[in-house]
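Student: I'd like to learn how to read the features of a model like the one below. Could we take them one at a time?

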Amino acid sequence: MNSIKCPICGEGTLHEQIESKTYRFKGASITIDNIVYDVCDKCGEAFFKPEKSPHVDAILEEFYARTLGVLSPSEIKKARTTLGFTQKEFAKRLGVGEKNFAKYESGIMRPNKTTSDLIRILYARPEMLKYVSTEGLPEIERGATSL
């Protein structure tokens, strides 16, 4: 096995370690186990190895979304698929760009609170889909709640 020199101090050798790490965000915290790092035996510098810890990104994205009060990528995808839409169709219904919606589901970008709340409403009350249309406002009955 080839030893890898530390790119920081240039003297030490990197050794793989598995640790737990606590992340803090807006007053909340989460501890994630089994995170793989390369650590220098001389200076102690640690280098995260995402290819050996693929679970970290998904856990953190869920944590950040929950802390911010917006839907996580998995919740967005579940709502969309349960309602029977493609990404393109659902993006159009929500009034967001197709590329942005794809980024919501992949975790590259988070939806704003309003978009998250609309998805929550549509998931909980699918009959409300008729009011979220690409064709303009539905006809409103006389005497109904005014806009």
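Student: At what angle do H2 and H5 pack, and how far apart are their axes?

Tutor: Two packed helices are described by the angle between their axes and the distance between the axes. Here H2 and H5 pack at about 40 degrees, and their axes are 10 Å apart. Axes are lines fitted to C-alpha atoms (for helices, over the stretch in contact), and angles between N-to-C directions run from 0 to 180 degrees. That angle makes H2 oblique to H5; under 35 degrees would be roughly parallel, over 145 roughly antiparallel, 65 to 115 roughly perpendicular, and the rest is oblique.

Student: Which residues of H2 and H5 make the contact?

Tutor: Ile76, Lys78, Ala79, Thr82 and Leu83 do so from H2, while H5 offers Ile119, Leu122 and Tyr123. Contact means heavy atoms within 4.5 Å. H2 passes H5 in a left-handed crossing, a term for the near helix being turned anticlockwise from the far one by less than a right angle, with clockwise giving right-handed.

Before we go on, note that this is a predicted model: local features need pLDDT of at least 70 and side-chain atom pairs count only at pLDDT 80 or more, whereas totals for chains, interfaces and linings use all residues. Residues are numbered from 1 along each chain as its sequence is written, and side-chain values use heavy atoms, with hydrogens and water left out.

Student: What does the secondary structure of the protein chain come to?

Tutor: The protein chain has five helices and three strands, arranged along the sequence as β-β-β-α-α-α-α-α. Helices (H or I, at least four residues) and strands (E, at least two) are DSSP runs, numbered from the N terminus.

Student: In what order do the strands form the sheet?

Tutor: The order is E1-E2-E3 in an open, antiparallel sheet. E1 and E3 are the edge strands, each pairing on one side only, and from one strand to the next the twist averages 45 degrees. Strands pair if DSSP finds at least two bridges between them; E2 (residues 28-40) and E3 have three, in the antiparallel sense. In one bridge, Tyr37 is partnered by Phe48 of E3. Helix H1 packs on this sheet and touches E1, E2 and E3, its direction making about 155 degrees with that of E2.

Student: How many salt bridges does the structure hold?

Tutor: Side chains of opposite charge can pair when their charged atoms come close. The cut-off is a side-chain nitrogen of Lys or Arg within 4 Å of a carboxyl oxygen of Asp or Glu, and the structure holds nine such salt bridges. One of them joins Glu16 to Lys52, with the closest N and O atoms 2.8 Å apart. Glu16 sits in strand E1 (residues 14-25) and Lys52 in the loop between strand E3 (46-48) and helix H1 (55-68), so this pair ties together parts 36 residues apart in sequence.

Student: Are Glu105 and Arg80 buried or exposed?

Tutor: Buried means under 20% relative accessible area, exposed over 50%, and partly exposed in between (1.4 Å probe, protein chains only). The Glu105 and Arg80 side chains meet in a salt bridge of 2.5 Å, N to O. This pair links helix H4 with helix H2 (residues 73-83), 25 residues apart, and both residues are buried. Glu16, by contrast, is partly exposed at 42%, and Lys52 is also partly exposed, at 44%. Of the chain's 147 residues, 29% count as buried.

Student: Which residues that are not glycine have a positive phi?

Tutor: Most residues other than glycine have a negative phi, and most peptide bonds are trans. Among the residues to look at is Lys26, with a positive phi of about 50 degrees. Lys26 lies in the loop between E1 and E2 and is exposed, at 64% relative accessibility. Another is Asn34, whose phi is positive at about 60 degrees. Asn34 is in strand E2 and exposed, with a relative accessible area of 53%.
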